[in-house]
Amino acid sequence: MLYPIQNDVRNRLDLSGIWDFQPDPEEVGAQSGWFNGLTQARPIAVPGSWNEQYEDLFNYFGLSWYARRTYIPAGWRGQRVFIRVGSACYRATVYINGVEVGSHEGGHLPFAFDITDVVRWDAENLIVISVENHLQPTRVPSANLSSPLGGGMLASYPRTSYDFFPFAGLHRPVVLFSVPPTHIEDVTVVTGISGADGMVKVTARLNQALAASGSAVLTGGGRSVRAELSFAEGVAEATLTVPEARLWSDKDPFLYDLTVTAGDDRYTLQVGIRTIEVQGGKILLNGRPVQLNGYGRHEDFFASGKGLNLPVLVKDYQLMRWTGANAYRTAHYPYSEEEMQLADREGFLIIDETPATNLQFESEEHAAERLRVCLQQLDELIARDKNHPSVVMWSVANEPLPRDLRRATPSGEVDPTIERGRAFLETLVRRARQLDPTRPVTLAGVMGAPNDWMRECDVICVNRYWGWYVFGGELEKALEHLDRELDDLWATFNRPVIVTEFGADTVAGMHGHPALMWSEEYQAALIRGYLEVAARKEYVAGMQVWNFADFAAVQSPMRVGGTNLKGVFTRARQPKMAAHVLREFWGAGRTTS
């Protein structure tokens, strides 16, 4: 999971650009030998979602094929050569020069295959990747299921169980990289504070279980600290003490360079020295209370879909800072590694979420399959993002659903999805805590789901839409209900509470006097009311508006133009009135980056 870098002993070749592309709705490509080249290809941009690039592919989620030819530099000879895909939604198979080298399921997380033995050194290499995004009930996230919210007039197209568009394709860069035959395969960094000193524990693992020598060197702020590494069975550990350490925070996101060497290999990453913990109703960053104020977001923009779009990413961070935000949740899947790196640099506090959104537990068989996928995704997420100081919390799921959110269970009937869901979610929370005991673990609960599902969470995160889906237009009643519910959550759990979603759909430019639903005035009043209620609660550790910007959703009577309009910015990143309300609440005294 180490992010590929370029230095004097490692190499990296980014294959982003225009690839050949061919849909395969009949799924005949493999038997027809499309891994040897595409005969009726059209151009397509990588990274990017195919749905946004061609009108006829907008609602196509079936098998498709990508192809590109490239030379591999002669200077890479003698090293191990890998291909790495940053994200392929949902299942991908990779072929090099007609040879299948591996497959991966699950979008939004990277995967890599060793291709050393199949590359051509004196000719072009053909890279072919097949990708399919079939919307299936047992996948995570799921689709084509009966909904606890009902069907009929509320049915959507495509029939997803989640409220965002199921974009498909190669969404992040495809890169080739090379490393020495014996190389550093993984680095884990855990930081702590002792008085004025910073403590940096480094664990490095080689690709082979052998003995070797190396070092770990931390530089920054005009200082350098070094520790020797002695690898036994391919693993070495060392702790570096940094005198008078400059701590990483949302207000001062200072990064040190950590360079790990082993034999002929060397790898450098940036690390921030900081601690994160929960005490009572507070989240403590470096021992001091911090508020996680910001947004739920989506990787979403015109033309690129969910594809990595670096100018939009930089723009979004500038706009979040303009409103005074310091945090967000990666709703509802892991975001790009490039975004995590920017968050480290800019000082954003991230609740890092798996793709397990809107889980259902309708049968033991389906739940078991989804749990297998969720555990894989959780393992891969933590392995990828464990060293980012910006990542301060893991979210194992968003809005898991009982059998029916609208009706009470008939008297005397036991709803089996309640216990099934509790066991499922507790398994994920415990797995996250086992893999990384240094960060709090949470999940985002939906209105109407059992609060008991959150009992093992370190922080209580809830998505609440009083004033929109319930008590729509009745803001006074909605805010009174919110006030009571927050107090009830605190009394039940005695842990910090974050409202990870709240908001109202708003058509930009629609105004109302009085403030009516869908108007900019109504959204601004709802958000202001929620913030004022939360400001009276010392145990509320953050407020995160849904959503930062309008985003592509499924088609339904609730989604004007197939778009979720709860953004405080439009999809084109123009502010609505609510953005100014947030700037009023959060912006005072903050500096922009």
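1. Let's start with C457: in this predicted model, C457 counts as buried because its relative accessibility is 2%, and buried means under 20%. The closest cysteine sulfur to that of C457 belongs to C461, 7.6 Å away, so the pair is too far apart for a bond.

2. C89 makes a good companion case. With a relative accessibility of 5%, C89 is buried as well. Its closest cysteine sulfur sits in C374, and the 15 Å between the two sulfurs is too far for a bond. A disulfide needs the two sulfur atoms within 2.5 Å. How many disulfides does the structure hold? The count is zero.

3. Now have a look at strand 10, which covers residues 125-132. Are its residues mostly covered or mostly open? They are mostly covered, with eight of eight buried. Try following the side chains along the strand: N125, I127, I129 and V131 point one way, while L126, V128, S130 and E132 point the other way. Both sets are buried.

4. Which strands pair with strand 10? One is strand 4 (residues 64-70), which runs antiparallel to strand 10 and is joined to it by seven bridges. Another is strand 7 (residues 91-96), also paired with strand 10 in the antiparallel sense, over six bridges.

5. S130 is a handy place to see both pairings in the viewer. From strand 10, S130 stands opposite W65, and S130 also stands opposite T93. S130 itself is buried and points the same way as L126, V128 and E132.

Methods: Residues numbered from 1 in each chain as written. Predicted model: local features only at pLDDT ≥ 70, side-chain atom pairs only at ≥ 80, totals over all residues. Heavy atoms only, no water. Buried < 20%, exposed > 50% of the residue type's maximum accessible area, 1.4 Å probe, protein only. Helix = DSSP H or I, 4+ residues; strand = E, 2+ residues; numbered from the N terminus. Pairing = 2+ DSSP bridges.
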